[in-house]
Amino acid sequence: MKFAVVGGTTFLVDNAVFYGLKLTVLEPKPVTAKVIAVLVATIVSYVLNREWSFRTRGGRERRHEAALFFLVSGVGLVLSSAPLWISRYVFGLETPDVSLVTQEIADFVSAQIVGTLVAMVFRFWAFRKWVFPQEQARVRLVPAPESTDEAA
């Protein structure tokens with residue numbers, strides 16, 4: 001549940017930065033705006049996940065954990081940006097080939113819905129598996145006592 005709250009928060013950060021850039025200084029470069037938005041959201045995500053969602057998991061040295069987090073997030077960045085890139089440059093859903101309304105709907109669906117969902121599923125799995133793994137109890141194997149089975 002905590003991961004979902006962090007995800008919702010970073011989704012809002014991602015949208016605010018993405019549209020803030022896309023509708024102003026990076027209007028002709030929506031993929032660049034998306035990459036910057038995901039980077040900002042990733043930093044927020046690390047802090048919130050480390051200090052709240054996965055606080056009781058892990059046990060790695062912080063530098064190692066952070067490196068793994070940002071490596072996984074880098075893959076997530078590619079996964080979240082790829083649908084927008086495909087929408088714009090493979091399917092050609094950009095003006096003047098389509099209307100501005102169609103372009104904006106395609107951008108929202110590809111970047112903010114499809115890209116976010118694909119990256120979210122990957123990151124949740126990868127964070128639990130590699131970045132913040134459940135600490136396993138260390139079991140020490142002790143040899144079994146000698147059997148004194150008289151039936152043998």
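Mentor: Start with a rule. A polar contact is a pair of N or O atoms within 3.5 Å, with one able to donate a hydrogen and the other to accept it. Neighbours adjacent in sequence count only if both atoms are side-chain atoms. Keep in mind that this model is predicted.

Trainee: What makes the pair Gln103 and Glu104 a polar contact?

Mentor: The side chains of Gln103 and Glu104 are 3.0 Å apart. The cut-off is 3.5 Å, and adjacent residues need side-chain atoms on both ends. The contact runs side chain to side chain at 3.0 Å, so it qualifies.

Trainee: Is Gln103 buried or exposed, and how do you know?

Mentor: Its relative accessible area is 7%. Buried means under 20%. Gln103 is therefore buried.

Trainee: Where does Gln103 lie, and which residues does it contact beyond four places in sequence?

Mentor: Gln103 lies in helix α4. Leaving aside neighbours within four places, its contacts are Arg88, Leu93, Glu94, Thr95 and Val98.

Trainee: What about Asn15? Why is it called buried?

Mentor: Asn15 is in helix α1, residues 2-22. Its relative accessible area is 13%. That is under 20%, so the label is buried.

Trainee: Which side chain makes a polar contact with the side chain of Asn15?

Mentor: The side chain of Gln112, at 2.8 Å. The limit is 3.5 Å, so the distance passes. Not counting residues up to four places away, Asn15 touches Gly20, Phe108 and Gln112.

Trainee: Now the rings. How many aromatic pairs are there?

Mentor: The structure holds eight aromatic pairs.

Trainee: Why is the pair Tyr46 and Phe70 called tilted?

Mentor: The ring centres of Tyr46 and Phe70 are 5.6 Å apart, and the planes meet at 40°. Pairing needs centres within 6.5 Å; under 30 degrees is stacked, over 60 is edge-to-face. An angle of 40° fits neither, so the pair is tilted.

Trainee: Where do the two rings sit in the chain?

Mentor: Tyr46 is in helix α2 (residues 30-53) and Phe70 in helix α3 (residues 62-90). They are 24 residues apart, so the pair links distant parts of the chain.

Trainee: Which of the two counts as buried, and which as partly exposed?

Mentor: Tyr46 has 13% relative accessibility, under the 20% limit, so it is buried. Phe70 has 38%, between 20% and 50%, so it is partly exposed. Ring pairs also join Tyr46 and Phe70 with Phe69 and Phe127 in a cluster.

Trainee: What makes the pair Trp125 and Trp130 edge-to-face?

Mentor: The centres of Trp125 and Trp130 are 4.9 Å apart, with planes at 75°. Edge-to-face begins over 60 degrees, so the name fits. Trp125, at 44%, counts as partly exposed. Trp130, at 39%, is partly exposed too.

Trainee: Which residues form the nonpolar patch on the surface?

Mentor: The members are Val101, Ile105, Phe108, Val109, Ile113, Val114, Leu117, Val118, Met120 and Val121. Together they have about 820 Å² of accessible area.

Trainee: What makes Val109 partly exposed?

Mentor: Val109 has a relative accessible area of 38%. That falls between 20% and 50%, so it is partly exposed. Patch members need over 30%, so Val109 clears that bar as well. Its place is in helix α4, residues 100-131.

Trainee: How many helices and strands are there?

Mentor: Four helices and zero strands. Of the 152 residues, 36% count as buried.

Note on methods:
Residues numbered from 1 in each chain as written. Predicted model: local features only at pLDDT ≥ 70, side-chain atom pairs only at ≥ 80, totals over all residues. Heavy atoms only, no water. Patch = residues over 30% accessible without salt bridge, like charges linked within 9 Å, V, L, I, M, F, W, Y side chains within 5 Å. Areas by Shrake-Rupley, 256 points an atom, 1.4 Å probe, with all protein chains shown as cover. Salt bridge = Lys/Arg side-chain N within 4 Å of Asp/Glu carboxyl O. Helix = DSSP H or I, 4+ residues; strand = E, 2+ residues; numbered from the N terminus. Buried < 20%, exposed > 50% of the residue type's maximum accessible area, 1.4 Å probe, protein only. Contact = heavy atoms within 4.5 Å. Phe/Tyr/Trp six-rings, centres within 6.5 Å; stacked < 30°, edge-to-face > 60°.
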